[in-house]
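Trainee: Got a minute to go through this one with me?
Mentor: Sure, put it up and ask away.
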2 protein chains.
Amino acid sequence: MREFDLLKIVEEFFGNEEVEVPAGKHDAAYLRIGKKLIVVSCDTVNEKSDFPPFMLPEEMGHMAVAVTLSDLAACGAKPLYFLSSISMKTADDEFFRKLLIGMRGLASRYGVKVVGGDIDFSSTLTIVGFAVGEAERIVTRAGAKPGENVYVTNPTGKAELCLEMLKRGLKRDELPYAESLYTPEPRINEGMRIAEYAGAMTDISDSLAISAHLIARSSGVRIVFDSLPLQHLEGHTENPLEVALYGGGDFELLFTAKNSGDGIKIGRVERGEGVYVKVNSELEEVEFRGYSHF
Amino acid sequence: MREFDLLKIVEEFFGNEEVEVPAGKHDAAYLRIGKKLIVVSCDTVNEKSDFPPFMLPEEMGHMAVAVTLSDLAACGAKPLYFLSSISMKTADDEFFRKLLIGMRGLASRYGVKVVGGDIDFSSTLTIVGFAVGEAERIVTRAGAKPGENVYVTNPTGKAELCLEMLKRGLKRDELPYAESLYTPEPRINEGMRIAEYAGAMTDISDSLAISAHLIARSSGVRIVFDSLPLQHLEGHTENPLEVALYGGGDFELLFTAKNSGDGIKIGRVERGEGVYVKVNSELEEVEFRGYSHF
């Protein structure tokens with residue numbers, strides 16, 4: 001995970017800026033502007049790492065907005081504004097229009113205003129999204145407490161499963177969860193509700209395993225998955241547990257709480273460190289890995 | 001200017017969002033957050049289009065911050081927060097550290113907090129900067145009025161001249177204005193002062209010619225350059241006027257006002273349309289062109 005090595009350097013440089021929650025500590029930064037608690041984040045997608053085969057340009061635009069709004073969802077923030085930097089390979093009007101249709105579709109669904117952007121040219125189609133939102137309270141990866149349960153908004157691994165099936169030669173219309181891969185939904189409404197009571201929360205950017213490790217480390221606790229849902233993957237792949245734990249492309253929220261009416265209970269928070277999963281009544285260690293670039 | 005064709009499409013899609021000043025109307029968007037007038041902008045640099053030969057990694061980091069803060073300067077905004085998306089070619093720690101040193105150096109000089117970012121990998125080193133600032137009043141390209149004068153914070157064309165000289169085989173230490181090319185300064189302090197009284201203002205992202213055309217179009221006026229400074233270019237290039245008008249890489253502010261103690265008076269605002277320059281007592285039309293990628 002090369003990205004995480006570089007993120008450590010970012011934290012070394014900028015981890016102590018005097019804001020509510022600075023760089024590297026969470027999915028997004030929390031700031032105060034006047035009396036408002038404001039959340040800002042940026043996220044990047046590019047065609048080589050993030051766009052699966054057969055993806056339509058509208059879906060690329062959707063994806064760029066989804067990854068950025070998902071960071072805000074992890075703060076329980078209501079997204080307000082979106083900007084983007086689009087690095088195009090050529091000045092293809094028709095393609096560009098379709099990208100914007102996808103961006104507008106998702107942004108408008110959540111009342112997000114697209115207020116600016118920048119266009120550049122590059123050999124790799126790359127879209128960087130930047131979002132500004134407003135939160136009611138600060139929720140980060142650091143608030144998990146022993147005795148809480150661990151929840152996820154929906155079963156994980158659907159996007160990774162589809163990607164695996166494409167690699168095995170299946171066609172897009174044969175995929176069981178194509179929408180999870182091509183038009184993932186940021187969990188904005190869920191995040192706003194969950195932030196009212198969650199101990200810790202993060203979105204699943206790379207894999208369930210990595211998100212759980214980030215919560216465990218930041219909170220100084222151990223996480224044990226004792227009831228990970230795998231039924232949705234069974235029959236489609238040889239190793240459902242691998243896909244659910246280490247697959248990329250999920251846009252779900254992972255959070256801890258005493259009790260929750262949102263999402264699915266998949267484990268518990270304990271004293272200690274690390275992340276474990278119960279397999280046939282035995283605890284196995286969960287590795288810090290996930291999301292391999294295509 | 002392929003970028004401007006695509007920007008028209010952006011305005012068609014998002015030019016009517018209900019904010020103070022939306023996408024495409026100015027260098028940055030103006031929003032209200034609580035009682036504050038907030039300015040947000042993003043800008044992109046990549047090694048193929050924006051980094052001149054012999055540029056050091058620290059200077060690349062500086063440049064990424066400078067281009068984004070320059071958009072805020074064009075609003076007379078005080079920059080508060082900066083985020084970036086860095087697309088690296090490889091996970092080169094040493095190079096990455098130097099980039100961040102350059103970013104931190106410029107950001108800290110203006111008290112800008114670096115609060116977040118995102119790291120990605122791509123075949124082209126690309127840095128997208130996002131900045132959030134606070135403005136006292138709204139100044140855009142649209143407020144120029146006949147009878148005002150036209151000013152620029154400093155003579156233009158220095159960066160372009162240096163680039164031309166590098167192409168002619170000169171070395172970096174032989175350049176007369178190397179700092180304009182390698183470590184351009186966003187005119188933050190000047191912008192904050194000028195915004196108090198300017199009719200229209202913009203930064204020079206592409207060329208003096210393009211910035212003047214944007215003000216002329218947005219304001220519905222004609223701009224005449226009658227006293228463009230060229231002495232700083234003379235003796236270094238065959239066509240100083242070409243370099244001053246159409247060269248890229250300037251980070252100056254172009255603005256209109258009745259009178260100004262900031263910057264250099266280079267022309268006047270008249271009724272009509274278009275941009276003209278006085279050459280040997282004759283008016284010549286200034287074209288809409290500039291900044292050719294390297």
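Trainee: Which residues of helix 3 of chain B are buried?
Mentor: B:F96, B:L99, B:L100, B:G102, B:M103, B:L106 and B:A107. Buried means 20 or more other C-beta atoms, placed from the backbone, within 10 Å of the residue's own; helices are DSSP runs of H or I, at least four residues, and strands are E runs of at least two, numbered from the N terminus.
Trainee: Where do they sit around the axis of the helix?
Mentor: Seen down the axis of helix 3 of chain B, they fall within an arc of 155 degrees, so they line one face. The arc uses directions from the helix axis to the C-beta atoms.
Trainee: Is this a model, and how is it numbered?
Mentor: It's predicted: local features need pLDDT of at least 70, side-chain atom pairs count only at 80 or more, and totals for chains, interfaces and linings use all residues. Residues are numbered from 1 along each chain as its sequence is written, with chains lettered from A and ligands numbered from 1 in the order written.
Trainee: What do those buried residues pack against?
Mentor: Helix 1 (2-14) of chain A, plus helix 2 (57-73), strand 3 (78-88) and strand 4 (113-121) of chain B. A contact is two C-beta atoms, placed from the backbone, within 7 Å.
Trainee: And what comes just after helix 3 of chain B?
Mentor: B:G111, with a positive phi of about 65 degrees.
Trainee: Switching to chain A, how many helices and strands?
Mentor: Eight helices and 12 strands. Buried residues make up 56% of its 294 residues.

Key. Buried ≥ 20, exposed ≤ 12 C-beta atoms within 10 Å, placed from the backbone.
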